Amino acid sequence: MSIRRSSALCRCPVVPDWMALALSALLFLAPAARAAEIDAPLQAVIAQYVQPFLEDAALIAAIKAQNDVTSRYDDARINELDAMWQAEIGATEIPTITPVWDNPVADALRAEVASSGGLIREILVMDARGLNVAVSSVTSDYWQGDEAKYLETYARGPDAVHIGDVEFDESSQVYMQQLSLSIADPQSGAVIGALTVGLDAERLQ
């Protein structure tokens with residue numbers, strides 16, 4: 001797996017070019033060491049809760065269907081939809097949010113959140129452009145394409161994993177950690193989207 005762990009506290013020293021190349025070579029030759037960066041609790045979450053979704057036919061079909069539409073969007077259209085989504089949060093009429101929040105895949109995501117006993121707080125599925133396909137709860141924006149959950153998964157290819165920082169979530173009043181993975185078409189092996197799981201970090205201890 002391709003692992004990328006972000007850290008707001010990281011202060012990376014400047015190294016000579018030759019050293020950077022050597023480090024890159026070592027990382028390329030040692031994929032097992034990178035895979036070991038995934039802690040056992042997160043490995044358990046992937047195995048029990050995430051992997052079934054990565055292979056779910058309905059979820060794959062929903063992403064591919066949306067990709068057929070959003071592949072034609074330019075940046076202006078994506079920005080327009082994102083602004084519409086944000087304007088609809090808390091409103092009575094939510095025509096942009098409803099198709100993403102009220103569909104069978106979103107229902108399955110909410111069922112998974114409920115079955116986790118509080119471990120999982122949210123799940124969202126993104127298409128190839130970083131736009132929401134299905135969400136367990138309404139997100140603050142529609143487009144995730146400028147965030148690590150998309151940039152460090154979809155853009156990295158199949159089996160990419162991104163482990164986010166632990167951050168305090170004001171809405172739920174718990175410390176959250178996001179675990180994101182790329183989603184590939186089981187038939188072609190091509191990456192078609194990504195999935196993010198928001199976890200109660202204290203329950204991972």
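**A friendly note on rings, a surface patch and strand E6**

1. Let me start at the surface: Ile-89, Trp-101 and Val-138 together make a nonpolar patch of about 250 Å². Please keep in mind that this is a predicted model.

2. Trp-101 deserves a second look. This residue belongs to helix H6, which covers residues 98-101. Its relative accessibility is 36%, so Trp-101 counts as partly exposed, the range for that class lying between 20% and 50%. Besides its place in the patch, Trp-101 has a charged neighbour: the charged end of Arg-110 sits over the Trp-101 ring, 4.8 Å from the ring centre.

3. A second contact of this kind involves Tyr-73. Here the charged end of Arg-77 lies over the ring, at 5.7 Å from the centre of Tyr-73.

4. Now to the contacts between rings. How many aromatic pairs does the count come to? The model has three aromatic pairs. One of them joins Trp-85 and Tyr-142, with 5.0 Å from centre to centre and 0 degrees between the planes, and this pair is stacked. Trp-85 is in helix H5 (residues 75-88), while Tyr-142 is in the loop between strand E3 (132-135) and helix H8 (148-151), so the pair ties together parts that are 57 residues apart in sequence. Trp-85 and Tyr-142 are both buried.

5. Why is the pair of Phe-168 and Tyr-175 edge-to-face? The ring planes of Phe-168 and Tyr-175 stand at 65 degrees, with the centres 5.1 Å apart; an angle over 60 degrees counts as edge-to-face, so the pair gets that label. As for their surroundings, Phe-168 is partly exposed at a relative accessible area of 37%, and Tyr-175 is partly exposed too, at 41%.

6. Next, strand E6. Is this strand, residues 191-200, mostly covered or mostly open? Strand E6 is mostly covered, as 10 of its 10 residues are buried.

7. Which strands pair with E6? Strand E2 (residues 120-126) runs antiparallel to E6 and is joined to it by six bridges. Within E6, Ala-194 stands opposite Met-126. Strand E5 (residues 174-184) also pairs with E6 in the antiparallel sense, over nine bridges. One detail to look up in the model is Gly-193 of E6, the bridge partner of Ile-183.

8. Finally, the turn. E5 and E6 form a hairpin that has six residues between the two strands. In this turn, Gly-189 has a positive phi of about 80 degrees.

Note on methods. Residues numbered from 1 in each chain as written. Predicted model: local features only at pLDDT ≥ 70, side-chain atom pairs only at ≥ 80, totals over all residues. Heavy atoms only, no water. Phe/Tyr/Trp six-rings, centres within 6.5 Å; stacked < 30°, edge-to-face > 60°. Helix = DSSP H or I, 4+ residues; strand = E, 2+ residues; numbered from the N terminus. Buried < 20%, exposed > 50% of the residue type's maximum accessible area, 1.4 Å probe, protein only. Lys NZ or Arg CZ within 6 Å of the ring centre and 35° of its normal. Patch = residues over 30% accessible without salt bridge, like charges linked within 9 Å, V, L, I, M, F, W, Y side chains within 5 Å. Areas by Shrake-Rupley, 256 points an atom, 1.4 Å probe, with all protein chains shown as cover. Salt bridge = Lys/Arg side-chain N within 4 Å of Asp/Glu carboxyl O. Pairing = 2+ DSSP bridges.
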